[in-house]
Amino acid sequence: MSGEPSVEQVGDVWSSISGSFYRAVDPSHQDTAILGSRLAGRYSEPSQPTLYLSSSPQGVNAAMIAHTQGRVAELVLLEFQVEAHNIVDLRNPAVLIAAGIDLADAVAPPYVSGLGEASS
């Protein structure tokens, strides 16, 4: 497995990212894992497939601690090579200011707030 992804800031707001990212999936769905989650998630409505990836296997393990309900006991860890451009890196306070983003608005989507824990 490869090292951490690299992030290169391009301008005040945009970044490019490349490297290995990881996802744990039910082995029976590993051929379609790149299509995204089959259920509603932290940042997606049920009708909106969302691809959840982590920058490390440890990050996948941490995410899976909170998502044990309704899944098989043994998951398979998949590695994807990603190259993406025009990404807004919400971890960077200077980018948040330049983009006019309030971090509180970015971490609690309206369709998740008040509905309890997502099923994925």
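This tour proceeds through the structure by selections, from the whole chain to single side chains.

**The whole protein**

Begin with the complete chain in cartoon view, bearing in mind that this is a predicted model. The protein has 3 helices and 3 strands. If the chain is followed along its sequence, these elements appear in the pattern β-β-α-β-α-α.

Next, display the surface. The protein exposes about 8,000 Å², and 55% of that area is supplied by carbon and sulfur atoms. Of its 120 residues, 25% count as buried. Among contacts with a separation of 6 or more, 68% are between residues that lie 24 or more positions apart.

**The sheet**

Return to the cartoon and select the strands. The 3 strands form an open sheet in the order β1-β2-β3, with antiparallel pairing. Which strands stand at the edges? They are β1 and β3; each has a single partner strand, so one side of each is left without a neighbour in the sheet. The twist from one strand to the next averages 25 degrees. As background, strands of a sheet pair through backbone hydrogen bonds, in either a parallel or an antiparallel manner.

**The hairpin of β1 and β2**

Select residues 6-10, which make up β1, together with residues 14-25, which make up β2. These two strands run antiparallel and are joined by 5 bridges. Two residues of β1 may be highlighted with their partners. Ser6 has Ser18 in β2 as its bridge partner, and Glu8 is partnered in β2 by Ser16.

Now move to the turn. There are 3 residues between the two strands of this hairpin. Select Gly11 in the turn, where phi is positive, at about 90 degrees.

**Ser20 and its polar contacts**

Continue along β2 to Ser20, which is found in this strand. Is Ser20 buried or exposed? Its relative accessible area is 1%, so Ser20 is buried. Show the side chains of Glu79 and Gln81 as well. The side chain of Ser20 makes a polar contact of 2.6 Å with the side chain of Glu79. A polar contact of 2.6 Å also joins the side chains of Ser20 and Gln81.

**Leu78 in β3**

Select strand β3, residues 76-88, and locate Leu78 within this strand. With 15% relative accessibility, Leu78 counts as buried, because the cut-off for a buried residue is under 20%. Which residues is Leu78 in contact with, apart from its neighbours within four places in sequence? They are Phe21, Tyr22, Arg23, Val25, Gln30 and Ala33.

Add Leu53 to the selection. Leu53 and Leu78 are 25 residues apart along the chain, and their C-alpha atoms are separated by 9.6 Å.

**Helix α1**

Select residues 57-65 to display helix α1. This helix lies across β2 and β3, and runs at about 60 degrees to β2.

**The salt bridge**

Finally, select Asp89 and Arg91 and show their side chains. What joins the side chains of these two residues? Asp89 and Arg91 meet in a salt bridge, with a distance of 2.9 Å from N to O. The count for the protein comes to 1 salt bridge. The two partners may also be viewed with the surface displayed. Asp89 is buried, with a relative accessible area of 14%, whereas Arg91 counts as exposed at 65% relative accessibility. The reason lies in the cut-offs: a residue is buried under 20% and exposed over 50%.

Terms used
Residues are numbered from 1 along each chain as its sequence is written. This is a predicted model: local features need pLDDT of at least 70, side-chain atom pairs count only at pLDDT 80 or more; totals for chains, interfaces and linings use all residues. Side-chain values use heavy atoms; hydrogens and water are left out. Two strands pair if DSSP finds at least two bridges between them. Helices (H or I, at least four residues) and strands (E, at least two) are DSSP runs, numbered from the N terminus. Buried means under 20% relative accessible area, exposed over 50%, partly exposed in between (1.4 Å probe, protein chains only). A polar contact is a pair of N or O atoms within 3.5 Å; within protein, one must be able to donate a hydrogen and the other to accept it, and residues adjacent in sequence count only if both atoms are side-chain atoms. Contact means heavy atoms within 4.5 Å. Accessible areas come from the Shrake-Rupley method with a 1.4 Å probe; for residues, only the protein chains shown count as cover. A salt bridge is a side-chain nitrogen of Lys or Arg within 4 Å of a carboxyl oxygen of Asp or Glu. Axes are lines fitted to C-alpha atoms, for helices over the stretch in contact, and angles run from 0 to 180 degrees between N-to-C directions.
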